[in-house]
Amino acid sequence: MSDSNLWRDEYWPILLQLYLQKPVGLKPLYSRRLVEISLQLHIHPKFLYRQMFRLRQLDTPLLERLWKNYSHSPGKLHQLVTLLQQREGFGKPEEFYRGVETNETFEKNFRPLPQEPSLMPVTLILVLDLYFRLTPATMVTETPEVKELAALTHTRPQLITEAMDVFRCCDPYLPKDNFIISPLLEPCQKIWNRYGNGNPDELSALASQLKEYYKSN
């Protein structure tokens, strides 16, 4: 089912509340709160981002009324959003989507890996981006960029370098001197298959956006 089919007009107050949070305005695509809402609704952050952009366009009478009634009444807006979120089944996928076919895609990117709960696929995307920025000799825990990424993602530098070691085994342009055994092999291979052979500029742009998820923690 497409994102537009899952969207309901009753969700507008949730986005308005997010839009009005300081700093007021359009929030980054992968800011944590926007991602949390998207996971709750099973609607991709990109769709919600476009909807939030519409908020300031006031392109429908519904949005005009929403701004008029709630933009200067944060308490009233909070009550409305709380009421919506407390409705039976809201935020409980097994109930909220009973009888509705959902095909999880982006949600998996923001869930802990079974192999290593401190990492998520989005974390591995950031590691892969860093992998392409470093040389093999600098893929060590002492490298400042490795430390910075570990601090940003709230994980250990050792895990960052372990993931980069696995990516080296996935890299078809490097000789395979040793066979690596790591629980990260499967998830790293999936990330490599999606992004490792693509345009590095596109990967870099995606990584820059995904960092907002951690920066807004």
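How are α8 and α11 oriented to each other? In this predicted model, the two helices pack at an angle of about 60°, with their axes 10 Å apart. Angles from 65 to 115 degrees count as roughly perpendicular and those under 35 degrees as roughly parallel, so α8 and α11 are oblique to each other. Their crossing is right-handed. On the α8 side, the contact is made by P121, L124, I125, L128 and Y131. On the α11 side, the partners are P187, C188, I191, W192, Y195 and G196. Sorted by class, the contact of α8 with α11 has 10 nonpolar residues, one polar residue and no charged residues.

A good next stop is helix α8 itself, which spans residues 121-131. How many residues of this helix are buried? The count is 11 of the 11, so α8 is largely enclosed by the rest of the structure. The buried residues run from P121, V122, T123 and L124 through I125, L126, V127 and L128 to D129, L130 and Y131. Here, buried means that a residue has under 20% relative accessible area. What encloses the helix can be named as well: the buried residues of α8 pack against α9 (144-153), α10 (157-170), α11 (185-196) and α12 (200-215).

Among these neighbours, α10 makes a useful companion to α11. The pair α8 and α10 packs at an angle of about 70°, with the axes 10 Å apart. That angle makes α8 roughly perpendicular to α10. The crossing of α8 and α10 is right-handed. In the contact, L124, V127, L128, L130 and Y131 of α8 meet I160, A163, M164, F167 and R168 of α10. By class, this contact of α8 with α10 has nine nonpolar residues, no polar residues and one charged residue. A reader tracing the two contacts will find L124, L128 and Y131 of α8 listed in the one with α10, and L124, L128 and Y131 listed again in the one with α11.

Charged side chains come next. Side chains of opposite charge can pair when their charged atoms come close. The structure holds four salt bridges, and three examples are described here. One of them starts in the enclosed helix: D129, which is among the buried residues of α8, forms a salt bridge with R133, the closest N and O atoms being 3.0 Å apart. Are the two partners buried or exposed? D129 has a relative accessible area of 7%, so D129 is buried. R133, at 53% relative accessibility, counts as exposed.

Another salt bridge joins the side chains of K190 and E186, with 3.5 Å from N to O. Both residues belong to helix α11, where, because they are four residues apart, K190 and E186 are separated by about one helical turn. E186 is partly exposed, with a relative accessible area of 47%. In a further example, the side chains of D59 and R54 meet in a salt bridge of 3.1 Å, N to O. D59 counts as partly exposed at 44% relative accessibility, and R54 is partly exposed too, with a relative accessible area of 27%.

The backbone also has some points worth a look. Most residues other than glycine have a negative phi, and most peptide bonds are trans. Which residues are joined by a cis peptide bond? The bond lies between K22 and P23, with omega about -5°. P23 has its place in the loop between α2 (12-20) and α3 (32-41). As for phi, H42 has a positive value near 60°. This histidine, H42, sits in the loop between α3 and α4 (45-55). With a relative accessible area of 8%, H42 is buried. Phi of H154 is also a positive value near 60°, and H154 lies in the loop between α9 and α10.

Finally, one pair shows how the fold can bring together residues from separate parts of the sequence. How far apart are Q85 and Q40 in sequence and in space? They are 45 residues apart in sequence and 9.9 Å apart in space, C-alpha to C-alpha. Q85 lies in helix α6, which covers residues 74-85. With a relative accessible area of 27%, Q85 is partly exposed.

Key. Residues are numbered from 1 along each chain as its sequence is written. This is a predicted model: local features need pLDDT of at least 70, side-chain atom pairs count only at pLDDT 80 or more; totals for chains, interfaces and linings use all residues. Side-chain values use heavy atoms; hydrogens and water are left out. Buried means under 20% relative accessible area, exposed over 50%, partly exposed in between (1.4 Å probe, protein chains only). Contact means heavy atoms within 4.5 Å. Axes are lines fitted to C-alpha atoms, for helices over the stretch in contact, and angles run from 0 to 180 degrees between N-to-C directions. Angles under 35 degrees count as roughly parallel, over 145 as roughly antiparallel, 65 to 115 as roughly perpendicular and the rest as oblique. A crossing is left-handed if the near helix is turned anticlockwise from the far one by less than a right angle, and right-handed if clockwise. Ala, Val, Leu, Ile, Met, Phe, Trp, Tyr, Cys and Pro count as nonpolar, Asp, Glu, Lys and Arg as charged, and the others, Gly among them, as polar.
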